[in-house]
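Trainee: I would like to learn how to read a model of protein with DNA, step by step. Could you take me through it, giving the general idea and then the case at hand?

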There are 2 protein chains.
Amino acid sequence: MGRPRTFDIDTAVERAMELFWRQGFEATSTEDLVESLGIARGSLYKAFGSKEQLYALALRRYCERHAVGLVEVLDQAEQVRPAIRAVLLELVEADLADPERGCLLVNAATERSAHPNTVQQVSRTMGQVESALAGALERARVRGEIAADKEARELAQFLTTFLQGLRVMGKARADRAFLDNAVEVAMGVLD
Amino acid sequence: MGRPRTFDIDTAVERAMELFWRQGFEATSTEDLVESLGIARGSLYKAFGSKEQLYALALRRYCERHAVGLVEVLDQAEQVRPAIRAVLLELVEADLADPERGCLLVNAATERSAHPNTVQQVSRTMGQVESALAGALERARVRGEIAADKEARELAQFLTTFLQGLRVMGKARADRAFLDNAVEVAMGVLD
DNA sequence: CGAATTAGGAACCGATCAGTCAACAATCTG
DNA sequence: CAGATTGTTGACTGATCGGTTCCTAATTCG
């Protein structure tokens, strides 16, 4: 009961995610949020409690969306090697299209490494990425798509690490030739 | 002529670097700087102009120190492969010892991707890292230490990218087993 | 010495920060 | 309808932001 909310929570979190993604936590003011979300200050605080909590929701949404996306692509892949290459090249495209934005997960890891809740969320998501890759690689190994003596988990940890490096180099304005080449060399570990 | 400065500029930049490294640009206030540098506000502004300019000096110092360090290690190496492994494992140690600090270069790339001066400094330093690696790898190739059909530049771009990923995973609190393993798999591209 | 020059320092500046509050509006239950 | 409950709003809060100003202190040069 009580007066019904006049704005959509999901849409608001989506817009907050966009702002934090582009500007970071510290550089995004509550005034920025009020403007972009199109609601009054008081409503924002009643609905979300604090800037910190809204950030946590935005980050969680980003993590869920991207972890799920990765799992889906890898699970549905006929062949694992081209699927992984496609995933990496898609990240390259994203970085080239919008280098200032980069990856919210990487931004969170670097800007907010002193905040346990953020670090935990980041760490958990990295684990999901690793597991998705490890699952796909293990399938590939059993199928004979990659050499039987390769450890799926080890390859997955390497790829997870390399993937974060790609996002950083994208922000550092590396060009397509650089990033594409890095991906090709990285794919070589599967041979 | 005029009154001589009572503090050491180099020491001040060093302390500023430490603060920005640990906290980032936005989260470091001028008050933090005044306290840590042990000089008055007015003196800080007279000596450095603005928070931005002091940050630029701190970042430049970090870049020079680390790029030079990398070049020296690689140039003096008897064998390139163990030297590169040592460089990567040293970064792993640094991340494990102080995960909140991470790498100022990566922090700068992610937090300040909207600031051209910072991006340019970051990009230039990444280029130096790539060149140092490429030089060492080319020597190794000529000497027969790595296969003759490997392109030094391509391997160097891959390693530069992977290296940034290591720093991110360190901030995301990956453990030694994870990071060491990632390094070992990455080293495999030289085989 | 005295003029010129530069550094040091504290008070001060308007702007902006994250967050609160009280009055009002809209809904549900009875 | 009345009362309870919850959402909306914008003015307001004290704190802090990055930066400036102005006066004093220390030095060099003539």
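Trainee: Which atoms of DNA strand D does the side chain of B:Arg41 approach?

Mentor: When reading such a contact, look at which part of the nucleotide the side chain approaches. In this predicted model, an N or O atom in the side chain of B:Arg41 is 2.4 Å from a base oxygen of DNA strand D. B:Arg3 also approaches a base, with a side-chain N or O atom 3.2 Å from a base nitrogen of DNA strand D. A:Arg5, in turn, places a polar side-chain atom 3.5 Å from a phosphate oxygen of DNA strand D.

Trainee: How many residues lie around DNA strand D, and which come nearest?

Mentor: There are 24 residues around DNA strand D, and the nearest are A:Thr6, A:Ser43, B:Thr30, B:Arg41 and B:Lys51. Of the atoms of DNA strand D that come within 4 Å of the protein, 65% belong to sugar and phosphate. Sorted by class, the surface near DNA strand D comprises seven nonpolar, nine polar and eight charged residues.

Trainee: Which helices supply that surface near DNA strand D?

Mentor: Here one asks which elements give at least two residues each, and for the surface near DNA strand D these are α3 of chain A, together with α2 (30-37) and α3 of chain B. The most comes from α3(A), which gives four residues.

Trainee: What surrounds DNA strand C?

Mentor: The reading proceeds in the same order as before. DNA strand C is surrounded by 23 residues, with A:Thr30, A:Arg41, A:Tyr45, A:Lys51 and B:Thr6 the closest. Sugar and phosphate make up 65% of the atoms of DNA strand C that come within 4 Å of the protein. The surface near DNA strand C has seven nonpolar, 10 polar and six charged residues, and α3 (41-48) of chain A and α3 (41-48) of chain B each supply at least two residues of that surface.

Trainee: Which side chains place a polar atom by a phosphate oxygen of DNA strand C?

Mentor: Three can be named, and they come from both chains. In chain A, the side chain of A:Lys51 has an N or O atom 2.7 Å from a phosphate oxygen of DNA strand C, while a polar side-chain atom of A:Tyr45 lies 2.9 Å from a phosphate oxygen of that strand. In chain B, a polar side-chain atom of B:Arg5 is 3.3 Å from a phosphate oxygen of DNA strand C.

Trainee: Turning to the protein itself, how are chain A and chain B related?

Mentor: One superposes one copy on the other and reads the rotation and the shift. Chain A is brought onto chain B by a rotation of 180 degrees with 0.0 Å of shift along its axis, at an RMSD of 0.1 Å. The two copies are therefore related as by a two-fold rotation axis. In chain A, A:Gly165 has the C-alpha nearest that axis, at 1.7 Å.

Trainee: How many residues meet between chain A and chain B, and how much area is buried there?

Mentor: Contact counts and buried area are best read together. In chain A, 37 residues are in contact with 37 residues of chain B, and the area buried between the two chains is about 3200 Å², with carbon and sulfur atoms giving 71% of that area. On the side of chain A, the residues losing the most area to chain B are A:Thr110, A:Thr161 and A:Phe178, which together make up 17% of what that side buries. Because 100% of the interface residues of chain A are also interface residues in chain B, the copies meet through the same surface.

Trainee: Which polar contacts or salt bridges cross between chain A and chain B?

Mentor: The interface of chain A and chain B holds 13 residue pairs in polar contact, whereas the count of salt bridges between these chains is zero. On the side of chain A that touches chain B, two or more residues come from each of α6 (104-111), α7 (116-142), α8 (152-171) and α9 (176-187). The most comes from α8(A), with 13 residues, and the class totals for that side are 21 nonpolar, 10 polar and six charged residues.

Trainee: Where, then, is there a salt bridge to look at?

Mentor: One of them joins the side chains of A:Glu18 and A:Arg101, at 2.5 Å from N to O. Since A:Glu18 lies in helix α1 (residues 9-23) of chain A and A:Arg101 in the loop between α5 (80-97) and α6 of chain A, the pair ties together parts that are 83 residues apart in sequence.

Definitions and conventions:
Residues are numbered from 1 along each chain as its sequence is written. Chains are lettered from A and ligands numbered from 1 in the order in which they are written. This is a predicted model: local features need pLDDT of at least 70, side-chain atom pairs count only at pLDDT 80 or more; totals for chains, interfaces and linings use all residues. Side-chain values use heavy atoms; hydrogens and water are left out. A residue is near a molecule or strand if one of its heavy atoms lies within 4 Å of it. A polar contact is a pair of N or O atoms within 3.5 Å; within protein, one must be able to donate a hydrogen and the other to accept it, and residues adjacent in sequence count only if both atoms are side-chain atoms. Ala, Val, Leu, Ile, Met, Phe, Trp, Tyr, Cys and Pro count as nonpolar, Asp, Glu, Lys and Arg as charged, and the others, Gly among them, as polar. Contact means heavy atoms within 4.5 Å. Buried area is the accessible area (1.4 Å probe) that two parts lose on being put together, summed over both. A salt bridge is a side-chain nitrogen of Lys or Arg within 4 Å of a carboxyl oxygen of Asp or Glu. Copies are superposed by least squares on the C-alpha atoms of residues with pLDDT of at least 70 in both.
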